[in-house]
Amino acid sequence: MEARVQGCVTCHGQSGQGTNSGYYPRIAGKPAGYLYNQLVAFRNGTRNYAPMNYLVAYLPDAYLREMAEHYAKLRPPFARRDPGSVDPAVLARGEALVKTGDPQKTIPACAACHGASLTGMQPGIPGLVGLRPTYLTAQLTAWKVGERKAAEPDCMKRIANRLTESDIAAVSAWLARQEPPQDPSPESANLVRMPFACGSQK
Amino acid sequence: MGLRIAIGAVVLAALAVAVVLSMQPGVLPSKPPQEKAARPAGATNAETLLIQKGEYLARAGDCVACHTNPEGREFAGGRAMPTPFGALYSPNITPDEETGIGQWSSDEFYRMMHSGVSRDGSLLYPAMPFASYTKVTRADSDAIYAYLMSVQPVKLKNRPHELRFPFNKRELLIGWRTLYFKEGEYQPDPKQSEQWNRGAYLVEGLGHCSMCHTAINALGGSKESQEFEGGMIPNQNWYAPSLTSNREAGLGEWDLKDIADLLQVGVSKRATVYGPMAEVVYNSLQYMTDADAEAMAVYLKTLPKRDADPLPTSQARLVQPTVMENGRKIYDKQCALCHGADGKGHPPAYPPLAGNQSITMTSPVNSIRMVLNGGYAPGTKKNPRPHGMPPFSHIFDDEEVAAVVTYIRVAWDNSGAPVAAAQVPELRKLLPE
């Protein structure tokens, strides 16, 4: 399988750990269901990123599933990070949103769905660890403006709509500074606890 | 030149408008309404077979590729077809009575396929490949009709085309048709085998290969005299190589098995398909029977050889030593692992670059695009888990892309000419990051 996914390596790294470039995300260890949904969305054009749309345009479901499962199993080491300096007030806002949310704006904590250690949840919620602020900001903004979407009911859409631009910057900055957990495996599915219904968790 | 032709065509069209009433086809005389058979209860075996045959032929014609919007329902149309003249939107060809072709008769369907005239008498834009489909037999047209009438009807109104003036005037098409459309079913060549004729019928008819593999001029027409000589595909910016030149995708020197594999499997010992051809293989050619894939190969191999461009002179092939050295270094570091230091690759997983015509042909567009964007071969029934090449657009600058493409075009006795860094930036814009 490793030979077959050489098409991914210049952006996502040999083991899906990501590369030095500021944008391309780590994909290793994300839940297979999440990765599969993204590959299908790129193929069908419901998630837009031209280089990805082009690469997977003519690949059948079964093979995309296999690719997703391949990367979901990998546990390459996390890259060292250079967090740079960020205003402590911004980081405090980011940490609050991640850990407790903002009840006044009915924003649930990221951790409520993405896992206590932010490693994601089976089958369809991605981990937020090991991602760079540029990627996180771009994705949250894409959700907010409606460019990125998921299966209905689209829980992430509801949340992104309630985030301001500075919220997005704060969350991204805080997340990107966290030490990766010992075990980066996603949590098992736990429907009871989720604050919103999510189409990708069906 | 293009402008002169365009003006000429507008004049021609104006003349045509004068006689438009006499020349514009009308509505076919209606027949007494037929009982719409309530299948499948009374479906006979013969009817099922006809529908199955029609499904196969619709695959051969790749109807689904244009008549289905990504994420949309099959055959419900609505897919945007960007053209140099504005956007066309493919119509709904499901049997919905109101928004699809549910009210069409098989006569009306055949006239559309054969003459490029819609049910209401209006002329079709040649984005619909009726210049190829005209070669389809009445029996095959009826089978496709039977199949389309059997698919799930979808209620979806056709989206109006967004063509610029004067191309939004369908009367202009009378001029286009006079210049570029020759109506008539495929006539078998008695001097050739049955297999050859079957291949020719599929390639020239339903396969509508000439839509891309014959250069399109400023008016969106293609000349029969240049059939299969290749050209840039408008709005897609891939070069569809000539099928008649052994310097491009001419197949005269290929084994039949490799030609058939390329068409049906998407990979072969000689080359791999990417880009628009990957779409054709994915949606259409992978479903061809072995016999039909081989028949197409037999026909394609015999296309007359017309090498438009002579081999580049040794002068034109001169490469600056620094560029060659840079290209070799990049190749050894980034490419050799899969394609081999000797350029022989490991086909069919990793295609060979040495002796690969698609790399040495005059237009370097496809090679540059492959280096920039990478690519996956299509996943097909016979190759459901294809290998892929990663993009390098974010790793190489223009000089490096030009150097490595130059290297693969001239190394290992390849007969290509060097490319300049100035050719790269335009192609970078195609898949914006």
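This is a short selection tour of a predicted model, covering the contact between chains A and B and then the domains of chain B.

**Stop 1: chain A against chain B.** Select the residues of the two chains that are in contact: 23 residues belong to chain A and 26 to chain B. With C-beta atoms placed from the backbone, contact here is a distance within 7 Å.

Next, on chain A, pick out α1 (9-12), α3 (50-55) and α4 (61-73); each of them provides at least two residues of the side that touches chain B. Of the elements of chain A, α3(A) gives the most to this side, with four residues. Now colour the chain A side by residue class: 14 of its residues are nonpolar, seven are polar and two are charged.

**Stop 2: the domains of chain B.** Hide chain A and split chain B into its three parts. Domain 1 is made of two segments, 11-26 and 43-180. Domain 2 covers 194-301, and domain 3 covers 321-428.

**Stop 3: domain 1 against domain 2.** Keep these two domains of chain B on display. Over C-alpha atoms, their centres are 22 Å apart. Select the contacting residues, 20 from domain 1 and 21 from domain 2 of chain B.

On the domain 1 side, highlight α3 (45-61), α4 (63-67), β1 (80-83), α6 (130-133) and α8 (172-180) of chain B, each with at least two residues on the side that touches domain 2. Here α3(B) gives the most, with four residues. Colouring this side of domain 1 of chain B by class shows 14 nonpolar, three polar and three charged residues.

Terms used:
Residues are numbered from 1 along each chain as its sequence is written. Chains are lettered from A and ligands numbered from 1 in the order in which they are written. This is a predicted model: local features need pLDDT of at least 70, side-chain atom pairs count only at pLDDT 80 or more; totals for chains, interfaces and linings use all residues. Ala, Val, Leu, Ile, Met, Phe, Trp, Tyr, Cys and Pro count as nonpolar, Asp, Glu, Lys and Arg as charged, and the others, Gly among them, as polar. Domain bounds come from an automatic or database domain assignment.
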